[in-house]
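Visitor: I work with computed models, and I would like a close look at a single part of this one. Could you pick one long helix, show me what surrounds it, and then lead me outwards from there?

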Amino acid sequence: MNEIREAVLASELAAQAELPEIVLETPREKVHGDYSTNIAMQLTRIAKQNPRAIAERIVSQIRKERVYVERIEIAGPGFINFYMDKTFLHGVIRQISREGESYGKVDIGAGKKVQVEFVSANPTGSLHLGHARGAAFGDSLCNVLAFAGYDVTREYYINDAGNQILNLAKSIDARYRQALGLEAEMPEDGYYGEDIIGFAKQLVEQDGDKYLSWSEEERLKFFRQYGLEQELAKIKRDLERFRVSFDVWTSETKIYEAGEVEAVLKELTDKGQTYEADGAVWLKTTPYGDDKDRVLVKNDGTYTYLTPDIAYHKNKYERGFDQMINIWGADHHGYIPRVKAAMQALGYSPDKLTVLITQMVSLYQGGEKVKMSKRTGKAVTMEDLMDEVGVDAIRYFFTMRGIDSHLDFDMDLAVSQSNENPVYYVQYAHARICSIYRQAEEQGINPLPVDQIDLGGLTLEAEFELLRKLGELPQEVAEAARLYAPHRLIRYVFELASQFHSYYKAERIITGDAQLTQARLALVGCVRTVLANVLRLIGVSAPERM
RNA sequence: GUCCCAGUAGCUCAGCAGGAUAGAGCAUGCGCCUUCUAAGCGCACGGUCGGGGGUUCGAAUCCCUCCUGGGACGCCA
């Protein structure tokens, strides 16, 4: 790339200052070479010449012997295509063998501190489908960011202070009475999940009807605490099983207890960002682009949800992250402007906070959309899903798509052990390579260290393509991190698996030629490493046998 | 009414800091198991990139506008 830059400058077409960024890409079509640049077309306006003429002048200045280039062609409207001396690709094998689990790491993050807050489901019920998508996406994103050189903190914010927790206590109260065979009506905004019926039964088994004799205040206080502990424990269990672990669990109650909510309210008031109207305290969010101002303190003196949330986000800002990412469900998108506005009102840069929105998930079974109902508690929980389809398939499917699209999750497909199921396709490639290595061992073939292998035998087009693909991992990781798009890696790993399966079908790895066998074992060993590395990033296991 | 997301092959989706003939899986059709795992491989079929304008040497990609589908618009959380 530097060679191109120098050639462009040497051809005196443009001054250094006005030189556009030189992009070297891998063309989709092989006939267009190994690398390609459109720099000549980009220079048309500056150099005031037609692109092909520009391309010719640039090419004449390139010293190709210095960069392993075999030949250069000018094609189409003015693309400059580079055809490499293919043996340079053998270096990929040496690199992967040397770096192993670390292969693919890049350092675009340069150690910057990134905090990612995700899932953060209210501890009032079991995690369900939508949370699973957030968990899969969030965790994969964190893995990718860490692999790209960021210092990542995973955080779960526990909303354990609002009205919803009182409703949880009341719901447990009602279920408790029902479990004792008494008449009891669920509260208006009650929680109807199976989990709560279970808690109530458990309480009856443990302690019988003893809570009936308590005062309502005492009883609800106890149920509240009990419910919170149980729900949170359940959430942690589910997430752990889903292979997601958080570095920090921040409790809303703790934020209250530390006086941060009152403090932030005072700070906003002192800064003249609030006013009183209709008996309530409002925050001026409209100057920062919100539709309307928002209430912080209701006319009954209690806080809205926004107020502690501002305190929480201030808390995050104060912890000194370079970047904060919130992953929210689509139903919270309208909430973004007011939180950002509040941060600006406090004097923080809104650019440090990025909110990523995951669209809804629909579940399909037997070709039918599965209906969910809060009222009856008939939602498919994350636990049900893990029982039925397994963690690998869920994580793969939920990471497979960009978060902007509504996602249809087909249960039948996810459980099917067939060619329709892409999870197995990728895992199978890994297992196959492991099998080849087992086979080699049985035949008494010991894989040699790479520096003792003559890779010159790898001359097939399929082998060069595999090597090229393997070589692309670092830039794929960088792109996935830059775009917050781990699904790109699924695409990548699927394509790699596909190329491997095709190669495996066409050529034997273990051949009569000992030297060639060593070279091919090294090659597929690298494929195995890369498959495992990517699967690890998306939280899917890489089985040795299937 | 305002805001967000989507609209690309029969279906589900990639591609979108502009680039060459728009890709993949599934479905459909036809082939391939005496040799390292057939949860596999090969071939074929399939598209006015929602419509219309604009910017550009070049637009699925950027801008404007319209249409369709989904979601959000509380002194709930």
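**A close look at helix 9**

Guide: Gladly! Chain A has 21 helices and 15 strands, and please keep in mind that this is a predicted model. Before we zoom in, here is the setting. Along the principal axes, the C-alpha atoms of the chain fill a box of roughly 90 × 65 × 40 Å. Of the 546 residues in chain A, 49% are buried. Among the contacts with a sequence separation of 6 or more, 72% are between residues 24 or more positions apart. The chain exposes about 26,300 Å², and 46% of that area is supplied by carbon and sulfur atoms.

Now to the part itself. Helix 9 spans residues 216-241, which makes 26 residues. From its first C-alpha to its last it reaches 37 Å, close to the 38 Å expected at 1.5 Å a residue. Its buried residues include nonpolar ones such as Leu220, Phe223, Leu228, Leu232, Ile235 and Leu239. Charged residues are buried here too, among them Arg219, Glu231, Lys234 and Asp238. Tyr226 and Gly227 are also on the buried list.

What lies over these residues? The cover includes four helices, namely helix 6 (129-147), helix 7 (163-179), helix 8 (194-207) and helix 14 (382-389). It also includes strand 6 (151-158) and strand 7 (248-251). After the helix comes Arg243, whose phi is positive, near 70 degrees.

One of the buried residues takes us straight into the interior. The largest nonpolar core has 97 residues, and Leu239 is among the five that touch the most other members, together with Phe242, Leu385, Phe398 and Phe409. The largest share of this core, twelve residues, is contributed by helix 21 (residues 514-537). A second, separate core holds 30 residues, including Ile255, Leu306, Val339 and Tyr348.

Leu385 deserves a look of its own. Apart from neighbours within four places in sequence, Leu385 is in contact with Leu129, Leu363, Val380, Gly390, Ile394, Phe398, Phe409 and Met411. Two of the partners in that list, Phe398 and Phe409, are also among the core residues that touch the most other members.

There is a small sheet to visit as well. It is open, has three strands in the order 14-13-15, and its pairing is mixed. Strand 14 (368-369) and strand 15 (407-410) are the edges, each pairing on one side only. Strand 13 (residues 361-365) and strand 14 run antiparallel and are joined by two bridges. In one of the bridges, Tyr364 has Lys369 of strand 14 as its partner.

Let us return to strand 7, part of the cover of helix 9. Thr250 sits in this strand. Its relative accessible area is 12%, so Thr250 counts as buried, the cut-off being under 20%. The side chains of Thr250 and Glu155 are joined by a polar contact of 2.8 Å. Beyond its neighbours within four places in sequence, Thr250 is in contact with Glu155, Tyr156, Tyr157, Ile158, Ile255, Tyr312 and Arg319. Ile255, in that list, is a member of the second core.

For contrast, consider Lys254 in helix 10 (residues 252-257). Lys254 is exposed because its relative accessible area of 55% is over the 50% cut-off. Lys254 and Tyr303 are 49 residues apart in sequence, and their C-alpha atoms are 16 Å apart.

The second core leads us to another covered helix through Val339. Helix 13 (residues 336-345) has seven of its ten residues buried. They are Ile336, Arg338, Val339, Ala341, Ala342, Met343 and Ala345. Their cover includes helix 11 (260-270), helix 12 (306-318), strand 9 (280-283), strand 10 (294-297), strand 11 (323-329) and strand 12 (353-358). Gly347 follows helix 13, with a positive phi near 95 degrees.

One last stop takes in a loop beside that cover. Asp278 lies between strand 8 (274-277) and strand 9, and its phi is near 55 degrees, a positive value in a residue other than glycine. Asp278 is exposed, with a relative accessible area of 68%.

Conventions. Residues are numbered from 1 along each chain as its sequence is written. Chains are lettered from A and ligands numbered from 1 in the order in which they are written. This is a predicted model: local features need pLDDT of at least 70, side-chain atom pairs count only at pLDDT 80 or more; totals for chains, interfaces and linings use all residues. Side-chain values use heavy atoms; hydrogens and water are left out. The expected span of a helix is 1.5 Å times one less than its number of residues. Buried means under 20% relative accessible area, exposed over 50%, partly exposed in between (1.4 Å probe, protein chains only). Contact means heavy atoms within 4.5 Å. A nonpolar core is a set of buried Ala, Val, Leu, Ile, Met, Phe, Trp, Tyr and Cys residues joined through side-chain atoms within 4.5 Å. A polar contact is a pair of N or O atoms within 3.5 Å; within protein, one must be able to donate a hydrogen and the other to accept it, and residues adjacent in sequence count only if both atoms are side-chain atoms. Accessible areas come from the Shrake-Rupley method with a 1.4 Å probe; for residues, only the protein chains shown count as cover. Two strands pair if DSSP finds at least two bridges between them.
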